[in-house]
Amino acid sequence: IRQIMKELVAVQSDTGTVSEQNAAKKIASFFEADSYFSKHLECWGMEDTGDFMGRTIVWALKKGKTPRTLILTGHYDAVEIDCYGELKPFALQPEKLGEEILRRNLGNEQLREELRSGEWLAGRGTADMKGGLAVGIYKTLTLPEDSETGLLFMAVCDEENLSAGMRSAVDVLLDIRKSFQLEYVASLVLEPQLPLAGNDFMLYNGSIGKVLPMIVAKGRLAHCGEPLKGL
């Protein structure tokens with residue numbers, strides 16, 4: 001999982017740019033090289049949904065013995081790296097970035113302590129979102145073929161912007177369900193997991209709506225006793 005994550009992080013995929021295509025191709029390469037998926041070409045693909053930037057939806061299905069199927073989904077776009085400032089050249093190299101943070105004595109002592117422990121990795125996408133995708137890719141590749149429940153992995157573009165990827169993925173999910181006669185039992189979003197008390201942590205189950213309503217009110221100067229006259 002760690003190695004898959006580092007390979008994904010190394011591919012810059014700034015949201016809202018054509019560089020997102022590079023991340024999709026990298027994700028697809030894991031399934032292309034896998035023995036199971038190289039024999040079952042119908043069980044994975046890069047779906048062209050007509051995105052204006054040519055960004056695709058990468059999916060892979062490891063079928064189970066029953067139609068029951070769990071969806072693991074996440075996005076492959078990431079926030080830009082200009083905000084790293086002088087550390088920008090290291091933003092996609094987790095180990096090197098950690099070394100630079102320690103060498104320059106940046107951040108607070110807790111951050112430096114975590115980096116020195118070797119149990120934490122900094123870098124764009126290590127947590128959101130390529131770390132999560134690495135877990136999903138690994139679980140899909142290693143799921144036994146005789147598993148009762150199957151796994152459908154799906155990586156989408158554009159989550160950090162307008163969620164064009166997830167919105168177009170709905171039709172892809174419906175087509176896959178019909179083609180393979182699947183029963184979707186749940187959808188787990190591979191977002192960062194937030195630590196709570198003790199060993200408990202928060203798990204994202206499904207997702208909230210991404211097309212959110214907005215109300216714009218235009219007003220003019222009004223008396224405080226009659227504020228609605230200003231609308």
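This is a short tour of a predicted model, with a suggestion at each stop for what to select next.

**Stop 1: the sheet**

Start by colouring the strands. You should find an open sheet of five strands, in the order β1-β2-β4-β3-β5 and with mixed pairing. Its edges are β1, at 44-48, and β5, at 183-189, each of which pairs on one side only. If you look along the sheet, the twist from one strand to the next averages 20°.

**Stop 2: strand β2 and its partners**

Now select residues 56-62, which make up β2. How many of the residues of β2 are buried? Seven of the seven are, so the strand is largely enclosed by the rest of the structure. Show the side chains and you can sort them by direction: T56, V58, A60 and K62 point one way from β2, while I57, W59 and L61 point the other way. This pattern has a general background: in a regular strand the side chains alternate between the two faces of the sheet.

Keep β2 on screen and add β1. The two strands run antiparallel and are joined by five bridges. For a landmark, pick G45, which stands opposite W59 in β2.

Next, bring in β4, residues 150-156. This strand is also antiparallel to β2, and five bridges join the pair. Two places are worth a click here: L61 stands opposite L152 in β4, and V58 has A155 as its bridge partner.

**Stop 3: strand β4 and β3**

Stay with β4 and switch on its side chains. G150, L152, M154 and V156 point one way from the strand, and L151, F153 and A155 point the other way. Is β4 mostly covered or mostly open? It is mostly covered, with seven of its seven residues buried.

Add β3, residues 68-75. Here the pairing is parallel, with seven bridges joining β3 to β4. To find your place along this pair, select H75, which stands opposite V156 in β4.

**Stop 4: helices on the sheet**

With the strands still displayed, select residues 130-142. This is helix α6, which lies across β2, β3 and β4 and runs at about 145° to β4. Then select residues 164-180 for helix α7, which packs on the sheet and touches β1, β2, β3, β4 and β5. The direction of α7 makes about 155° with that of β4.

**Stop 5: helices α4 and α5**

Hide the sheet for a moment and pick out α4, residues 94-103, and α5, residues 109-117. At what angle do α4 and α5 pack? The angle is about 135°, and their axes are 10 Å apart. Angles over 145 degrees would count as roughly antiparallel and 65 to 115 as roughly perpendicular, and α4 and α5 are therefore oblique to each other. The crossing of these two helices is left-handed.

Show the side chains where they meet: G98, I101 and L102 come from α4, and L111, R112, L115 and R116 come from α5. By class, the residues of this contact are four nonpolar, one polar and two charged.

**Stop 6: helices α1 and α2**

Move to α1, residues 2-9, and α2, residues 20-32. Their axes come within 9 Å and cross at roughly 145°. The crossing of α1 and α2 is right-handed. Select I4, E7 and L8 of α1, together with K26, I27 and F30 of α2, to see the residues that make the contact. The contact of α1 with α2 divides into four nonpolar, no polar and two charged residues.

**Stop 7: G219**

For the last stop, go to the segment after β5 and select G219. Is G219 buried or exposed? Its relative accessibility is 54%, and the cut-off for exposed is over 50%, so G219 counts as exposed.

Now add L231. G219 and L231 are twelve residues apart in sequence, with their C-alpha atoms 4.4 Å apart in space. Leaving aside neighbours within four places in sequence, G219 is in contact with G230 and L231, so display G230 as well to complete the view.

Key. Residues are numbered from 1 along each chain as its sequence is written. This is a predicted model: local features need pLDDT of at least 70, side-chain atom pairs count only at pLDDT 80 or more; totals for chains, interfaces and linings use all residues. Side-chain values use heavy atoms; hydrogens and water are left out. Two strands pair if DSSP finds at least two bridges between them. Helices (H or I, at least four residues) and strands (E, at least two) are DSSP runs, numbered from the N terminus. Axes are lines fitted to C-alpha atoms, for helices over the stretch in contact, and angles run from 0 to 180 degrees between N-to-C directions. Contact means heavy atoms within 4.5 Å. Angles under 35 degrees count as roughly parallel, over 145 as roughly antiparallel, 65 to 115 as roughly perpendicular and the rest as oblique. A crossing is left-handed if the near helix is turned anticlockwise from the far one by less than a right angle, and right-handed if clockwise. Ala, Val, Leu, Ile, Met, Phe, Trp, Tyr, Cys and Pro count as nonpolar, Asp, Glu, Lys and Arg as charged, and the others, Gly among them, as polar. Buried means under 20% relative accessible area, exposed over 50%, partly exposed in between (1.4 Å probe, protein chains only).
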